[in-house]
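Reader: I've got this one open on my screen and I'd like a close look at a single part of it. Could you walk me through that part and then place it in the rest of the chain?

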Amino acid sequence: QPWLTRHSIGESVLRRERHGEFITYTWDGPAGPEDDPAAPPPDHPFGARFRAPGPLMVAVRCDFLPADSSAFQRQFDRFDQTSLSVSDVDQKAAIIATDFRQDRDGLTRILIGDRTLNQVQAGALTQRLLELETYRTFAMMGLTEANRQAPKVSIIETGLLGIAERMRASEGLEANRLLLDELTRLAADLEAGAAASAYRLGASRAYYLIVKQRLEALGEQPRDGHFTFTQFLTRRLAPAMRTCETLETRQANLSRKLARAT
């Protein structure tokens with residue numbers, strides 16, 4: 001199958017793009033009615049009629065409106081003020097805002113207020129914001145795997161400590177053989193867990209790097225009283241990524257300790 005396909009739907013376009021481990025569907029069409037900013041845009045293909053070949057991981061609605069319009073202000077006022085992030089971008093040619101929360105339709109809403117963007121700038125900014133939400137979600141998947149593997153690593157660490165204590169008093173070939181069997185079992189358990197988590201943790205590192213690159217490309221300028229996208233996401237993502245790194249370090253150190261004990 002081609003990596004990119006486009007389908008015209010009336011005045012709109014649906015784009016399907018294949019990535020490494022997911023597929024994105026992007027609908028580009030007219031905005032919804034100005035008198036109801038929460039209403040879905042007309043003729044969009046998503047919802048009950050849309051059937052994607054796999055679980056839904058990320059859903060984003062990005063509205064592009066004139067920054068000085070009443071429609072923009074109504075959309076802006078709907079955000080949760082406790083997690084609202086707002087920035088000026090492209091040398092104040094636009095304002096971007098989101099609260100990183102899902103609305104009643106399960107969509108993370110992102111709002112772009114256009115001041116003086118040309119078409120190239122508008123397209124690049126919209127693409128960066130859509131990618132930012134996608135990759136930050138996939139980066140967080142590593143935390144789930146790290147939390148799943150952490151108790152297993154703790155059990156192996158405790159088991160190694162017990163074996164080390166018994167090694168100090170063990171005598172005879174049979175006793176040593178039993179200890180070696182236990183060490184081999186612990187090593188096998190550790191390597192199985194490390195192999196199972198290696199891809200997910202490595203992918204999270206790569207996605208986190210993409211998130212940081214997209215944030216740098218935005219060129220945000222803070223607005224008084226609000227977080228920037230970079231400030232908000234750094235506070236959420238950085239601790240999760242450190243947890244993933246810590247688990248990988250524990251696995252590597254424990255593997256070396258098991259080898260020395262053997």
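How many bridges join strand 5 to strand 6, and do the two run parallel or antiparallel?

Author: Strand 5 and strand 6 are joined by five bridges, and they run antiparallel. Bear in mind that this is a predicted model, so everything here is computed from predicted atoms. Strand 5 covers residues 85–89 and strand 6 covers 94–102. If you want one pair to click on, take valine 86: its bridge partner in strand 6 is alanine 97. As background, strands of a sheet pair through backbone hydrogen bonds, either parallel or antiparallel.

Now go to the loop that links the two strands. Aspartate 90 lies there, between strand 5 and strand 6. Its phi is near 50°, a positive value in a residue other than glycine. Is aspartate 90 buried, partly exposed or exposed? Its relative accessibility is 22%, and the buried class stops under 20%, so aspartate 90 counts as partly exposed.

A second positive phi in a residue other than glycine turns up at phenylalanine 100, with a value near 55°. Phenylalanine 100 isn't in a loop, though; it lies in strand 6 itself. With a relative accessible area of 13%, phenylalanine 100 is buried. While you're looking at side chains there, remember that in a regular strand the side chains alternate between the two faces of the sheet.

Next, zoom out to the sheet. Strands 5 and 6 belong to an open sheet of five strands, in the order 4-7-6-5-8, with mixed pairing. Strand 4 (60–66) and strand 8 (221–222) stand at the edges with a single partner strand each, so one side of each has no neighbour in the sheet. In that order, strand 6 sits between strands 7 and 5, and strand 5 sits between strands 6 and 8.

The start of the chain has its own run of paired strands. Strand 1 (residues 4–9) and strand 2 run antiparallel and are joined by six bridges. One pair to find is serine 8, whose bridge partner in strand 2 is valine 13. The two strands form a hairpin with two residues between them, where glycine 10 takes a positive phi near 65°. On to strand 3 (residues 23–28): six bridges join strand 2 to it, again antiparallel. Arginine 15 has threonine 26 in strand 3 as its bridge partner, and this second hairpin has four residues between its strands. Why call strand 2 largely enclosed by the rest of the structure? Five of its seven residues (12–18) are buried, so that description follows.

Finally, the whole chain. It has five helices and eight strands, following the pattern β-β-β-β-α-β-β-β-α-α-α-β-α along the sequence. The radius of gyration is 25 Å, whereas a compact globule of 262 residues would have one near 18 Å. The C-alpha atoms fill a box of roughly 85 × 45 × 30 Å along the principal axes. Buried residues make up 39% of the 262. Of the contacts with a separation of 6 or more, 62% come from residues 24 or more positions apart. About 15000 Å² is exposed, with carbon and sulfur atoms supplying 53% of that. As for charge, there are 34 positive and 34 negative side chains, and the centres of the two sets lie 4 Å apart.

Note on methods:
Residues numbered from 1 in each chain as written. Predicted model: local features only at pLDDT ≥ 70, side-chain atom pairs only at ≥ 80, totals over all residues. Heavy atoms only, no water. Rg over C-alpha atoms; globule rule 2.2 N^0.38 Å. Buried < 20%, exposed > 50% of the residue type's maximum accessible area, 1.4 Å probe, protein only. Contact = heavy atoms within 4.5 Å. Areas by Shrake-Rupley, 256 points an atom, 1.4 Å probe, with all protein chains shown as cover. Lys, Arg positive; Asp, Glu negative; His and termini not counted. Charge placed at Lys NZ, Arg CZ, Asp CG, Glu CD. Pairing = 2+ DSSP bridges.
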